[in-house]
Amino acid sequence: MIKINVVNRGHHPLPAYATPQSAGMDLRANLDEAVVLRPLERRLIPTGLYIALPEGYEAQVRPRSGLALKHGLTVLNAPGTIDADYRGEVGVVLVNLSQDDFTVNDGERIAQLVIARCEQAELAVVEQLDETERGAGGYGHTGVR
């Protein structure tokens, strides 16, 4: 378990894990008034949260499956990445992919926050890559089963 410092400028409790083995914590909309998302409209929804991740970690903002299935609402840049050196407000880019308006109310659970280790890489230019069984097979290459 890692410690993450949080400033809560919103008016809701801090995100928490719903069960002992949950991967993500629910993020809540921090709104002065409800926001209506029309079909195909996207909006940045504030959470009122500011976090300081330890070096070597990222926070991923992911959709909530219930909102996606029931209402066609998702996180547009899923997963949205929050870098360890970012200190601004955590926002959620929501998009309404349904044919109906969707109202985001203050305090509504709108996304999940997943904390993950994150490695940086050093790229090395080479003339040729090693061979594999798959090779250059792309999308759909491994079939349906």
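In the predicted model, D26 lies within strand β2, the element that spans residues 25–28. The relative accessibility of D26 is 19%, and because buried residues are those under 20%, D26 is assigned to the buried class.

The side chain of D26 is engaged in polar contacts with the side chains of two arginines, one of them being R64, at a distance of 3.3 Å, and the other R109, for which the corresponding distance is 3.0 Å. When neighbours within four places in sequence are set aside, the residues in contact with D26 include these arginines, R64 and R109, together with P15 and A16 as well as A111 and Q112.

A second position considered here is T47, which is located in strand β4, a strand formed by residues 42–52. T47 has a relative accessibility of 5% and is therefore also classed as buried, the cut-off for this class being under 20%. The side chain of T47 comes to 3.2 Å from the backbone nitrogen of L49, a residue for which the polar contact involves the main chain.

With neighbours within four places in sequence again excluded, the contacts of T47 comprise L27, R28 and N30 on the one hand, and E89, V90 and V92 on the other. Of these, L27 and R28 carry numbers that fall within the range of strand β2, residues 25–28. In addition, the C-alpha atoms of T47 and L31 are separated by 8.0 Å in space, whereas the two residues stand 16 residues apart in sequence.

Technical notes:
Residues numbered from 1 in each chain as written. Predicted model: local features only at pLDDT ≥ 70, side-chain atom pairs only at ≥ 80, totals over all residues. Heavy atoms only, no water. Helix = DSSP H or I, 4+ residues; strand = E, 2+ residues; numbered from the N terminus. Buried < 20%, exposed > 50% of the residue type's maximum accessible area, 1.4 Å probe, protein only. Polar contact = N/O pair within 3.5 Å; in protein donor to acceptor, adjacent residues only side chain to side chain. Contact = heavy atoms within 4.5 Å.
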